[in-house]
Amino acid sequence: MSWAAKDLGDWVETAKRDPRARWLGVALIAVALAVLPFVAGAVGGRGWVRIIDFALLYVMLALGLNIVVGFAGLLDLGYIAFYAVGAYTYALLASPHFGIHLPVWLVLPMGAGVAGVFGVLLGAPTLKLRGDYLAIVTLGFGEIIRIFLNNLNAPVNITNGPQGVNRIDPISFSNFSLARPVEVLGIDVPSVHLYYYLFLALALLVIFVSLRLENSRIGRAWVAIREDEVAARAMGINTRNIKLLAFAMGASFGGIAGGLFAGFQGFVSPESFILMESVVVLCMVVLGGMGHIPGVILGAVLLAAMPEVFRNTIVPVQQQLFGKIVFDPEVVRMLLFGLALVLVMLFRPAGIWPSTTRKRELAS
Amino acid sequence: MLEVRGLEVHYGGIAAVKGIDLQVSKGELVCLIGANGAGKTTTLKAIAALVPRSRGDIRLGGDSTAGLASFELVRRGLALVPEGRGVFGRLTVRENLEMGAYHRSDGEVGQDLEKVFALMPRLHERRNQTGGTLSGGEQQMLAIGRSLMSRPKLLLLDEPSMGLAPLMVQKVFETIQAIARGGVTILLVEQNAKLALELAGRAYVMESGCITLAGDAGALLTDQRVREAYLGE
């Protein structure tokens with residue numbers, strides 16, 4: 001695996017230098033992404049396309065967390081709370097729960113905005129904390145949000161408690177609903193495919209914003225804070241605002257993903273936002289390569305797809321080997337997941353596809 | 001350039017700086033010497049607004065700095081080379097230097113980079129190496145070079161000789177002298193009293209939060225009390 005990733009990295013480096021190769025690469029990737037749901041649908045059915053849809057949501061989440069953890073170096077163990085805030089913003093403002101049905105173009109940005117505000121709310125009291133201490137506070141914050149969502153059904157029913165909010169409006173633009181299949185040029189495009197294209201577009205937007213941020217003044221300020229906060233202040237960086245901005249930006253990415261999740265699922269409940277989800281997103285960032293955007297995307301796709309691949313292979317493999325199911329797939333899945341984490345951390349401590357800076361750090 | 005009046009700094013209930021007066025005129029190289037725990041670093045940090053002051057007035061170029069955050073002071077021409085250098089270990093030498101020009105938006109950053117490289121050729125040799133791989137002396141040079149990138153009017157240096165080999169200390173001090181000759185006003189905090197007094201024009205001696213002696217550096221170098229307390233005689 002390590003050699004494959006290195007070769008891939010080298011290949012990308014070579015391709016970057018030749019403009020023709022670059023355009024060819026971009027065109028190939030674009031075509032591949034465009035036909036991906038049809039190929040996946042033909043091979044494995046709609047279920048696979050659904051998995052890809054979720055992988056795209058995780059890409060957005062991982063890139064959001066990457067801003068906080070990877071760029072600014074602030075360890076956040078409660079990141080899923082922002083996903084929850086985005087999802088509930090959408091759920092409460094576009095469902096029969098309150099009888100409010102705001103349009104998507106309004107609810108999604110609102111979800112991002114509300115999540116951003118919550119990001120600042122988390123960031124402001126933790127400005128002086130770092131490392132372990134910050135991790136504990138963020139962990140608590142994540143749980144507080146979940147517990148609030150669980151209990152805000154009395155005395156006034158806001159979140160509908162553990163039952164969650166259902167019959168959420170599907171994502172639609174004026175009369176065009178992504179929940180209904182359409183026919184384009186004689187090809188049936190099912191709903192999961194439509195969601196795929198929307199998620200892909202937004203994931204690309206998030207990637208674009210991440211890339212621009214990385215090479216901006218703000219991005220450099222984040223790196224400086226990550227490396228040495230006192231020195232960063234001595235450089236003339238307003239560390240307070242820049243850290244709050246990291247929390248807000250990261251949170252708003254999570255908020256967008258959350259809104260999409262709510263519209264896609266049609267149902268949200270607090271149990272989708274447990275601590276394990278925060279841990280999984282953090283694993284995506286760390287395994288992929290902290291602070292390195294392509295690595296984080298790779299980490300998100302791998303970790304989002306891997307459990308599903310396991311789920312679909314563990315049972316048949318056992319039947320082949322033993323003639324019956326010996327282990328519960330769910331148990332083996334977590335075991336293999338843990339094993340994969342340990343192996344990657346042992347053999348590629350900077351992540352599967354690390355940035356040059358991280359590589360340098362581990363080399364020195 | 002810098003005027004400090006009645007500065008007091010407390011850490012919790014403990015007074016680290018107990019009402020000191022200090023001034024540095026334009027173009028001067030002034031040093032602040034004293035033993036461990038005398039409050040030298042705290043004084044510098046208070047001037048750079050890295051720790052809050054409890055009382056006193058600090059004027060930079062005639063304007064009060066009350067209420068200004070450290071990053072705003074950088075824009076007003078103040079640069080601090082922190083104790084222990086504070087080099088960005090994972091960034092290259094070049095990136096470190098560029099970070100020093102963070103607040104600038106003029107087009108002359110590249111020019112200043114060349115100037116720093118001319119002043120410190122060693123950094124030019126190592127421009128693509130990460131800060132963390134440099135030797136202690138080179139890191140100190142890098143920290144000083146980085147502070148120059150902000151085009152400071154007043155440079156605060158906190159113990160540039162700390163943890164360096166004598167030969168390297170000599171080099172660092174030569175560089176400081178060159179910077180001073182280039183017209184940058186410098187306030188230097190040092191434990192190495194002899195070197196600092198030889199380099200500086202004027203000096204302050206600090207002892208447990210108070211300034212006990214002040215005057216011409218050459219005169220202090222021959223002062224009996226200073227010789228006994230700091231020069232080991």
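In this predicted model, Gly291(A) sits in the loop of chain A that runs between α11 (275-289) and α12 (293-322). Gly291(A) has a relative accessibility of 8%, and since anything under 20% goes down as buried, that is where this glycine ends up. Leaving aside residues up to four places away in sequence, Gly291(A) touches Asn66(A), Gly70(A), Phe71(A), Glu214(A) and Val296(A). Another glycine, Gly25(A), lies 266 residues away from Gly291(A) along the chain, and the C-alpha atoms of the two are separated by 23 Å.

Two backbone oddities turn up elsewhere in chain A. The loop between α6 (131-151) and β3 (165-166) is home to Pro155(A), and the peptide bond joining Ala154(A) to Pro155(A) is cis, with omega at about -5°. Asn160(A) belongs to the loop between α6 and β3 of chain A as well. Asn160(A) isn't a glycine, yet its phi is positive, at about 65°. As for cover, Asn160(A) comes out as partly exposed, with a relative accessible area of 23%.

Chain B has its own case of this kind. Arg85(B), again not a glycine, takes a positive phi of about 75°. Its setting is the loop of chain B between β6 (78-81) and α3 (93-100). With a relative accessible area of 13%, Arg85(B) is buried.

Now for chain B as a whole. Its secondary structure adds up to 10 helices and 10 strands. The radius of gyration of chain B is 17 Å, close to the 17 Å that the globule rule gives for 233 residues, so chain B is as compact as a globular protein of that length. Along the principal axes, the C-alpha atoms of chain B fill a box of roughly 45 × 40 × 30 Å. Some 53% of the 233 residues in chain B count as buried. If one takes the contacts in chain B with a separation of 6 or more, 67% of them are between residues 24 or more positions apart. The accessible surface of chain B is about 9800 Å², with 48% of that belonging to carbon and sulfur atoms. On the charge side, chain B carries 27 positive and 26 negative side chains, and the centres of these two sets lie 3 Å apart.

Zooming in on the start of chain B, strand β1 (residues 2-11) pairs with two other strands, β4 and β2. With β4 (residues 55-60), the pairing is antiparallel and runs over 5 bridges; here Glu3(B) stands opposite Arg59(B). With β2 (residues 14-24), the pairing is also antiparallel, and 8 bridges hold the count. One bridge puts His10(B) across from Ala15(B) in β2(B). β1(B) and β2(B) form a hairpin with 2 residues between them, and Gly12(B) in the turn shows a positive phi of about 60°.

A residue from helix α1 (residues 40-47) of chain B, Thr42(B), ties in with this part of the chain. Not counting residues up to four places away in sequence, Thr42(B) touches Val9(B), Tyr11(B), Ala16(B), Val17(B) and Val51(B). Thr42(B) is buried, its relative accessible area being 9%.

How values were computed:
Residues numbered from 1 in each chain as written. Chains lettered and ligands numbered in written order. Predicted model: local features only at pLDDT ≥ 70, side-chain atom pairs only at ≥ 80, totals over all residues. Heavy atoms only, no water. Helix = DSSP H or I, 4+ residues; strand = E, 2+ residues; numbered from the N terminus. Rg over C-alpha atoms; globule rule 2.2 N^0.38 Å. Buried < 20%, exposed > 50% of the residue type's maximum accessible area, 1.4 Å probe, protein only. Contact = heavy atoms within 4.5 Å. Areas by Shrake-Rupley, 256 points an atom, 1.4 Å probe, with all protein chains shown as cover. Lys, Arg positive; Asp, Glu negative; His and termini not counted. Charge placed at Lys NZ, Arg CZ, Asp CG, Glu CD. Pairing = 2+ DSSP bridges.
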